[in-house]
Amino acid sequence: MKITAVHEDVIPISSAMSNAFIDFSTMDSSVVAVVSDVVRDGEPVVGYGFNSNGRYSAGEILRRRMVPRLLAADPASLLAADGQLDPSRAWDVLMRNEKPGGHGERSIAVGVLDMALFDLASKIAGQPLYRWLSDRYGDGSAPDESVFVYAAGGYYAPGKGLRELQDEMRGFLDQGYRVVKMKIGGASLAEDIRRVEAVLDVLGGDGSRLAVDVNGKFDLHTALEYGRALEPYGLFWYEEAGDPLDYRLNATLAEHYRGPIATGENLFSMQDARNLVRYGGMRPDRDYIQVDPALSYGLVEYLRVQRMLREHGWSSRRCIPHGGHQFSLHIAAALKLGGNESYPGEFQPTGGFADDAVVRDGHVGLTETPGIGLERKAAFYEVLRKLHD
Ligand code: MG
């Protein structure tokens, strides 16, 4: 098995949404196609990758460092003992001559290629990624047949009042979601509490079905002030209250806020996630870790994150990755995570699951298409095919 070409491009995944920190009007994503010399039905088998959302494309790093290293590698150095493509060996090639630390845009470039390599490896094996992964990295039991998903929305938008917010949330429930998430921190505390209560009305007053997300905006004082105001509602979680790297803030919040806390979508390496667990006061009996494999050096690194969490006494069920994409859906099913984010209708064409995926009682099933199954997202597949056609 040989890689014959790697094609890379940047596409817009813009959206009119805003959270407490950024607007998404200029968001884009790197996309890659890794072409192999394996032929099926008269066509080469191709693996596809993209970089989730929330971070911009990493084309420069892909073009100047990562793709040339992959193409220059001895093909045999990318293979496992059974002669099949081994993404973890390819990972070592991508990271050659890269110093430790400073994770960020580089982790995104590696993540894009890592996704494509896992897509390719499982396609060559003729298996959907979640089964391929479960066979190699699972706990020995069958993978989950469906994955808990929650609907992330509740963004701020010009002219969006309480009624529009409630309509949006009702729409999520109508689509089959049970848990919804909304942004806070982009308005005053009093206004945000009015927004939270408006959404709780839609949820029959059940706070355990509502998550709130600050996107890292608060200082300690504000995080604690909001925590005091939110605690009585018994929310699903209180997400990213402070800066993602301010572990002491998080630890102090965890001492005061009794409900579940979620964070980690802006941590891009095993080492950063380990610092969160060591110093961030995260409680393995209730909190959630949201590291997004596509943004953080890919699944090869995410397997290291999982190993680290096990060693620190964490269940994989406490992980619900950020991003709302199909790659993490497979990972969640195979590694028995707690679920996966979902942004219904947003970040197109990359985001979301198969076109015919149905959410039932807050869970979505996997497809049996070999690989990640991005071919089952017609608009996105058109973009991906153009990379190599
Ligand atoms: Mg978030």
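Analyst: A residue is called buried when its relative accessible area is under 20%, exposed when it is over 50%, and partly exposed in between. The structure under discussion is a predicted model.

User: Why is Lys336 called buried or exposed?

Analyst: Lys336 has a relative accessibility of 11%, so Lys336 counts as buried, the cut-off for that term being 20%.

User: What makes the contact between Lys336 and Asp139 a salt bridge?

Analyst: A side-chain nitrogen of Lys or Arg must lie within 4 Å of a carboxyl oxygen of Asp or Glu. The side chains of Lys336 and Asp139 meet at 3.2 Å, N to O, and the pair therefore satisfies the 4 Å limit. Lys336 belongs to the loop between α11 (326–335) and β10 (340–342), and Asp139 to the loop between α4 (129–137) and β4 (146–152), so this salt bridge ties together parts that are 197 residues apart in sequence. Asp139, at 56% relative accessibility, counts as exposed.

User: What makes the backbone at Lys336 notable?

Analyst: Lys336 has a positive phi of about 60 degrees although it is not a glycine. Most residues other than glycine have a negative phi. Glu240 also has a positive phi, of about 40 degrees, without being a glycine. Glu240 is found in the loop between β7 (237–239) and α8 and is buried at 2% relative accessibility.

User: How do you know which residues coordinate the magnesium ion?

Analyst: An N, O or S atom is taken as a donor of this metal when it lies within 2.8 Å. Asp213 (OD), Glu239 (OE) and Glu265 (OE) coordinate the magnesium ion at 2.0 to 2.3 Å, and these atoms therefore qualify as donors under the 2.8 Å limit. Water is not among the atoms, so the site may look incomplete. The donor residues follow the spacing D-x25-E-x25-E in sequence. Asp213 sits in strand β6 (residues 210–213), while Glu265 sits in the loop between β8 (261–263) and α9 (270–279), so the pair ties together parts that are 52 residues apart in sequence.

User: Why are Asp213 and Glu265 called buried or exposed?

Analyst: Asp213 has 0% relative accessibility and counts as buried. Glu265 is likewise buried, with a relative accessible area of 8%. Each conclusion follows because the limit for a buried residue is 20%.

User: How do you know how Glu60 and Arg64 are paired?

Analyst: The side chains of Glu60 and Arg64 meet at 3.9 Å, N to O, and the pair is therefore a salt bridge by the 4 Å rule. Both residues lie in helix α1 (residues 59–72), four residues apart, about one turn of the helix. Arg64 is exposed, with a relative accessible area of 64%.

User: Why does Arg385 take which accessibility term?

Analyst: Arg385, at 22% relative accessibility, counts as partly exposed because this class runs from 20% to 50%. Its salt-bridge partner is Asp389, at 2.8 Å, N to O, and Asp389 counts as exposed at 64% relative accessibility. Elsewhere, salt bridges that share partners join Lys181, Lys183, Asp213, Glu239 and Glu341 into one network. By the same rule the count comes to 28 salt bridges.

User: What makes helix α3 mostly covered?

Analyst: Of the 20 residues of α3, 19 are buried. Helix α3 (residues 105–124) reaches 29 Å from its first C-alpha to its last, close to the 28 Å expected at 1.5 Å a residue. Gly126 follows α3 and has a positive phi near 75 degrees.

User: How do you know what domain 1 and domain 2 bury between them?

Analyst: Buried area is the accessible area that two parts lose on being put together, summed over both. For domain 1 and domain 2 it is about 3,700 Å², 66% of it on carbon and sulfur atoms. Tyr48, Phe50 and Asn53 supply 17% of the area that domain 1 buries against domain 2, more than any other three residues. The domain assignment gives domain 1 as 3–126 and domain 2 as 136–386. Their contact takes 39 residues from domain 1 and 46 residues from domain 2. Two salt bridges are found across this interface.

User: What makes the peptide bond from Gln348 to Pro349 cis or trans?

Analyst: Omega for the bond from Gln348 to Pro349 is near 10 degrees, and the bond is cis. Most peptide bonds are trans. Pro349 is placed in the loop between β10 and β11 (359–360).

How values were computed: Residues numbered from 1 in each chain as written. Predicted model: local features only at pLDDT ≥ 70, side-chain atom pairs only at ≥ 80, totals over all residues. Heavy atoms only, no water. Donors = N, O, S within 2.8 Å, 3.2 Å for Na, K, Ca; no water. Helix = DSSP H or I, 4+ residues; strand = E, 2+ residues; numbered from the N terminus. Buried < 20%, exposed > 50% of the residue type's maximum accessible area, 1.4 Å probe, protein only. Expected span 1.5 Å × (residues − 1). Domains from an automatic or database assignment. Contact = heavy atoms within 4.5 Å. Buried area = accessible area lost by both parts, 1.4 Å probe.
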